[in-house]
Amino acid sequence: MAAPKPRVKVPKSASAGEIITIKSLISHEMESGQRKDADGNVIPRQIINKFTCEFNGVKVFECDLDPAVSANPYFEFTAKVPESGTFKFTWVDDNGETYTDEQKIEVQ
């Protein structure tokens, strides 16, 4: 399996107090642990199990994922931006691996 690759879309700028739309996707196979390989062995579960988004260190979105979530989980949500800053996105998988991305936004 290739290393998961996060992709995030955040507007480059916004007005103070504006509600913006954020889109995120991570390339990940999300193996549920319920399938078997060609030899009949169970393929171990390997999923992204937590996703969080912080703005300037304050959590604005968080969710836990279950094996029923499809490959390449996609999230779209809104956030209110009171000031310029940085969004930090974090995905954690069953092995404890953490994948992050950061996006800056300029508030005018």
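What percentage of the 108 residues of the protein chain count as buried? In this predicted model, the share of buried residues is 34%. The exercises below examine how the chain is arranged.

**Exercise 1. Describe the overall make-up of the protein chain.**

Solution.

Step 1. Begin with the secondary structure: the protein chain has 8 strands and 0 helices. Along the sequence this gives the pattern β-β-β-β-β-β-β-β.

Step 2. Turn to the dimensions. The C-alpha trace spans about 60 × 20 × 20 Å along its principal axes.

Step 3. Consider the surface. The accessible surface of the protein chain is about 6500 Å², and carbon and sulfur atoms account for 46% of it.

Step 4. Consider the contacts. Among those between residues at least 6 apart in sequence, 57% join residues at least 24 apart.

**Exercise 2. Determine the strand order of the open sheet and identify the strands at its edges.**

Solution.

Step 1. The open sheet is formed by 5 strands in the order 2-8-7-4-5, with mixed pairing.

Step 2. Strand 2 (13-14) and strand 5 (58-64) each have a single partner strand, so they stand at the edges and one side of each is left without a neighbour in the sheet.

Step 3. Examine the pairing of strand 5. Strand 4 and strand 5 run antiparallel and are joined by 6 bridges. Phenylalanine 55 has valine 58, in strand 5, as its bridge partner.

**Exercise 3. Describe the largest nonpolar core and the surroundings of phenylalanine 89.**

Solution.

Step 1. The largest nonpolar core contains 24 residues, and Ile22, Phe87 and Phe89 have the most contacts inside it.

Step 2. At least two residues of this core come from each of strand 3 (18-27), strand 4 (48-55), strand 6 (74-81), strand 7 (85-93) and strand 8 (98-107).

Step 3. With residues up to four places away in sequence set aside, phenylalanine 89 touches, among others, Val8, Val10, Ile22, Phe51, Cys53, Phe77 and Tyr99. Its contacts also include Thr52, Thr100, Asp101 and Gln103.

**Exercise 4. Decide whether serine 24 and threonine 90 are buried or exposed, and list their contacts.**

Solution.

Step 1. Locate the residues. Serine 24 belongs to strand 3, and threonine 90 to strand 7.

Step 2. Apply the cut-off: a residue is buried when its relative accessible area is under 20%. Serine 24 has a relative accessible area of 1% and is therefore buried. Threonine 90, at 15% relative accessibility, also counts as buried.

Step 3. List the contacts, leaving aside residues up to four places away in sequence. Serine 24 is in contact with Arg7, Val8, Phe51, Pro73, Tyr74, Phe75 and Trp91. Threonine 90 touches Lys50, Phe51, Thr52, Thr98, Tyr99 and Thr100.

**Exercise 5. Explain why cysteine 53 and cysteine 63 do not form a disulfide.**

Solution.

Step 1. Recall the bond in question: a disulfide is a covalent bond between the sulfur atoms of two cysteines.

Step 2. State the cut-off, which places the two sulfur atoms within 2.5 Å.

Step 3. Compare the distance. The closest cysteine sulfur to that of cysteine 53 belongs to cysteine 63 and is 11 Å away, which is too far for a bond. Cysteine 63 is accordingly in no disulfide, and the count comes to 0 disulfides.

Step 4. Note the surroundings. Cysteine 53 is buried, with a relative accessible area of 0%, and cysteine 63 counts as buried at 16% relative accessibility.

**Exercise 6. Characterise the aromatic pairs.**

Solution.

Step 1. The count comes to 10 aromatic pairs.

Step 2. In one of these pairs, the ring centres of phenylalanine 51 and tryptophan 91 are 5.2 Å apart and the planes stand at 40°, so the pair is tilted. Phenylalanine 51 is in strand 4 and tryptophan 91 in strand 7, so the pair ties together parts that are 40 residues apart in sequence. Phenylalanine 51 counts as buried at 0% relative accessibility, and tryptophan 91 counts as buried at 0%.

Step 3. Phenylalanine 61 and phenylalanine 75 form a tilted pair, at 6.1 Å centre to centre and 55° between the planes. This pair links phenylalanine 61 in strand 5 with phenylalanine 75 in strand 6, 14 residues apart. Phenylalanine 61 is partly exposed, with a relative accessible area of 23%, whereas phenylalanine 75 counts as buried at 15%.

Step 4. Ring pairs link Phe51, Phe55, Phe61, Phe75, Phe77, Phe87, Phe89 and Trp91 into a cluster.

Technical notes. Residues are numbered from 1 along each chain as its sequence is written. This is a predicted model: local features need pLDDT of at least 70, side-chain atom pairs count only at pLDDT 80 or more; totals for chains, interfaces and linings use all residues. Side-chain values use heavy atoms; hydrogens and water are left out. A nonpolar core is a set of buried Ala, Val, Leu, Ile, Met, Phe, Trp, Tyr and Cys residues joined through side-chain atoms within 4.5 Å. Buried means under 20% relative accessible area, exposed over 50%, partly exposed in between (1.4 Å probe, protein chains only). Helices (H or I, at least four residues) and strands (E, at least two) are DSSP runs, numbered from the N terminus. Contact means heavy atoms within 4.5 Å. Two strands pair if DSSP finds at least two bridges between them. Rings of Phe, Tyr and Trp (its six-membered ring) pair if their centres lie within 6.5 Å; planes under 30 degrees apart count as stacked, over 60 as edge-to-face and the rest as tilted. Accessible areas come from the Shrake-Rupley method with a 1.4 Å probe; for residues, only the protein chains shown count as cover.
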